[in-house]
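Reader: Please take a close look at one part of this model, the open sheet. Keep it brisk, and give the cut-offs.

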Amino acid sequence: MLGAKGLISLASVRASEIQDFIRSLKAKDSPLKTRAKPVIGLMAFFEKSTRTRVSFEKAGLELGIRWLNFEEEMSSLGKGESLEETFRTLQEMDPDFYVLRHPEAGFPDWVSEWTGAAIFNAGDGAREHPTQALGDLWALEQRGLKKQKIAFYGDVVRSRVIRSCIPAFRAMKHEIFWVDDQTTEGRDFAKSFELPRISRKKIKDMDVVYALRTQKERGGESSMGPLRAKELGDKTFWMHPGPVLQNEDLDWALCQFENPHCLVRPQVRACLEVRRRLLQNFLKGRK
Ligand code: CP
């Protein structure tokens, strides 16, 4: 049951587990047993977030989870305490699990080692953002978009979203491509993940284009300019994990988020549902 022990990475999850999880979302939630003692999640975000943080919080509240919020700026990290000692100290308060976002790849594994607790990874550096990728899959599934030709566009090199989307999309038999940005680092990235490259002219042949944000906080800069509406075919859908840099990642015409071919808002709703189900699986997995 995906999420029963937290979720740090999709790279090590079997394709069949991802398929089972997406299939399970089609069934109604089964009721949870009432607990004498509330389950407490500790939320620690060391990078900014709107969607991930608020949706985890809302999903948890709907399931009766109570949240502790760790605020880096108000913590004793500012007095020189180490991260390890900080989390070993937090563990003395006995939270049931953590939701973590941090600029360092691998951070959730360190916290797992320091605390022994279940971890939900809400994004670690450029490594993974597993709940985003599962939400993206669910958004596609809800539109009946199966076995699609999907091209990634934009700053793939610094994107954690794409590193979770690759195993997730392959598990659901989507065919994935990379829109060549003509850079050596982009080509090395595509090669390392065995992503076939396509030129911009071929975007119109794709079923879906997944644009990524230029990750300025990790030194990214746009080498391609925004994805343009005129590059898409008449039936092409477009996705973006958000936040969208309007007219940098997507041109103005593609920032019409109510367009039925735009999946940006459905992705937000799907991620909320996915996080709720993962937390529910976690609660069910507890004795
Ligand atoms: N997609 C995503 O992770 O958005 P936030 O940074 O707003 O959480």
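Author: Start with terms. Two strands pair if DSSP finds at least two bridges between them. Strands (E, at least two residues) and helices (H or I, at least four) are DSSP runs, numbered from the N terminus. Residues are numbered from 1 along each chain as its sequence is written. The model is predicted, so local features need pLDDT of at least 70, side-chain atom pairs count only at pLDDT 80 or more, and totals for chains, interfaces and linings use all residues, while side-chain values use heavy atoms, with hydrogens and water left out.

Now the sheet. It is open and has 5 strands. The order is β8-β7-β6-β9-β10, and the pairing is parallel. β8 (197–198) and β10 (237–239) are the edge strands. Each has a single partner strand, so one side of each lacks a neighbour in the sheet.

Look at the β10 edge. Strand β9 (residues 208–212) runs parallel to β10, and 3 bridges join the two. One residue pair can be named: valine 209 has tryptophan 238 in β10 as its bridge partner.

A helix also belongs in this picture. Helix α6 (residues 160–171) lies across β6 (149–154), β7 (175–179) and β9. Contact here means heavy atoms within 4.5 Å. The angle between α6 and β9 is about 155°. Axes are lines fitted to C-alpha atoms, for helices over the stretch in contact, and angles run from 0 to 180 degrees between N-to-C directions.
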